[in-house]
Each structure stands twice: as C-alpha cells, then as structure tokens.
Amino acid sequence: MNVAVLIYAKPPLIGLSKTRLARSLGPGEARRIARWTMSRTINEACDPRWQTVLYTTPDRALTQSLGPLWPTGLCRRSQGAGGLTERLEKGLAEAPLGKVLFIGADAPDISRGQIWRAIRKLDRHDAVFGPATDGGFWLFGLKKRPRTQSPFRHVRWSTPHTTADVRKNLKVGMRVAAVDTLIDIDDADDWWAWQRGWLNAPG
C-alpha cells in the first residue's frame, strides 16, 4: 500500500513563521526555534519506507534555498489558496490512494519511530491521530480510498476543539487509533512548557 507523509510548513523566516512566538520572545528567537523544530521534523519525516512531500507557502518558497534545512531531493508542493481546510484538502486530493499522513513542523519530540507506529496503526484502523497537548494534533493519518471524503470541513482550527471536530467528521464506524501526545510549539507558553518537561525528564 502506498504511504505518503505530507509535511505542512512555512519557511522559518522572520515575519512569516512563528508570529505568535515572535510577539513574546522576539523575531530572532522565534526564527531560531522555527529552524530547530523544522530541522528535527525534516530529519525524522524523511525515510525510504514512505514518500515524503513538503507542502509550503508562499509559492516562492518552492524554489527557495534554505541550505541543508530543506534537502534538495525533498519534493515540494504548493499549499495553494484558501484557509487550512482548503490547503489540507489539496494535499489529500493530490496524494495517491493508500495511507496518507499529515504532520506539521512544530513538535520538537517528533520521531521517525512515532511516524512509523502511526503508519502501522493504519494496517488495522481507518484513521490515526497524534494528539497535541492543546487539543489539536501534530499528526493525522487516514486510509485514502477512491471515495474518501474530506474530514477537514467546519473544523475550529487552533482551538481545543480541533481534534474533536476532525474526529466528528469521520464516518460512523471508522476505526480510529492514536499515538503519543506531544507539545506543539505555537507560542511562548508552549515553549516554556516544553522546556520544563525536557528539563524534568528522567535520565
């Protein structure tokens, strides 16, 4: 079965990404954190066991050079126009039939092993979530079939209701699994909470 991992991310540039984080920590620190989480995501999400595609915006980023941060061999596609619903639907429409996973570039603790576990969950389930601590998700995956409908309509994005809204859009009877809950770094509170957790981690 085809497996596609779609990364949704903006280039880690001042004024373009991590704007909420920049309001509290300053643009330079926000850019540093964005580059760091992006690097971790790219490193963990690229694997020969699946096809990795970077969906980015604005369109000029499709040919932009970010050195080793975005490997030259990594397929890039435009997120397209509209809000997050329309941009995720574009990725779903362009993905081949099979397992399709959507991830962002905001979770420092993302790992190749977690992505692989999510992929394997889709052997026996129809959808899988990687929940985030804020009520959203750092990963969402589903089996794309010829008549798969979008689960992204009427979702309250960037709220505590995001995961519940997407789950409610799934067809009745679909088997849904979950993998580890991670912190998404969207603002300063997330960054400080992640640091506290890392500093207090065993070992």
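Here's a quick tour of the structure above, from its overall build down to its cysteines. Keep in mind that this is a predicted model. The protein contains 6 helices and 7 strands, and its 203 residues have a radius of gyration that agrees with what a compact globule would give.

**Build and shape**
- Starting at the N terminus, you'll meet the elements in the order β-α-α-β-β-α-β-α-β-β-α-β-α.
- For 203 residues, a compact globule would have a radius of gyration near 17 Å, and the protein comes in at 16 Å, so the two agree.
- If you follow the C-alpha trace along its principal axes, it spans about 45 × 40 × 35 Å.

**Inside and contacts**
- Of the 203 residues, 46% are buried.
- Take the contacts with a separation of 6 or more: 68% of them come from residues 24 or more positions apart.

**Surface and charge**
- About 10,400 Å² of the protein is exposed, and 50% of that comes from carbon and sulfur atoms.
- As for charge, there are 31 positive and 19 negative side chains.
- The centres of those two sets lie 6 Å apart.

**Cysteines**
- How many disulfides are there? The count is 0.
- Why no bond for C46? Its sulfur has its closest cysteine sulfur in C75, 11 Å away, which is too far for a bond, since a disulfide needs the sulfur atoms within 2.5 Å.
- C46 is partly exposed, with a relative accessible area of 29%.
- C75 also counts as partly exposed, at 30% relative accessibility.

Conventions:
Residues numbered from 1 in each chain as written. Predicted model: local features only at pLDDT ≥ 70, side-chain atom pairs only at ≥ 80, totals over all residues. Heavy atoms only, no water. Helix = DSSP H or I, 4+ residues; strand = E, 2+ residues; numbered from the N terminus. Rg over C-alpha atoms; globule rule 2.2 N^0.38 Å. Buried < 20%, exposed > 50% of the residue type's maximum accessible area, 1.4 Å probe, protein only. Contact = heavy atoms within 4.5 Å. Areas by Shrake-Rupley, 256 points an atom, 1.4 Å probe, with all protein chains shown as cover. Lys, Arg positive; Asp, Glu negative; His and termini not counted. Charge placed at Lys NZ, Arg CZ, Asp CG, Glu CD.
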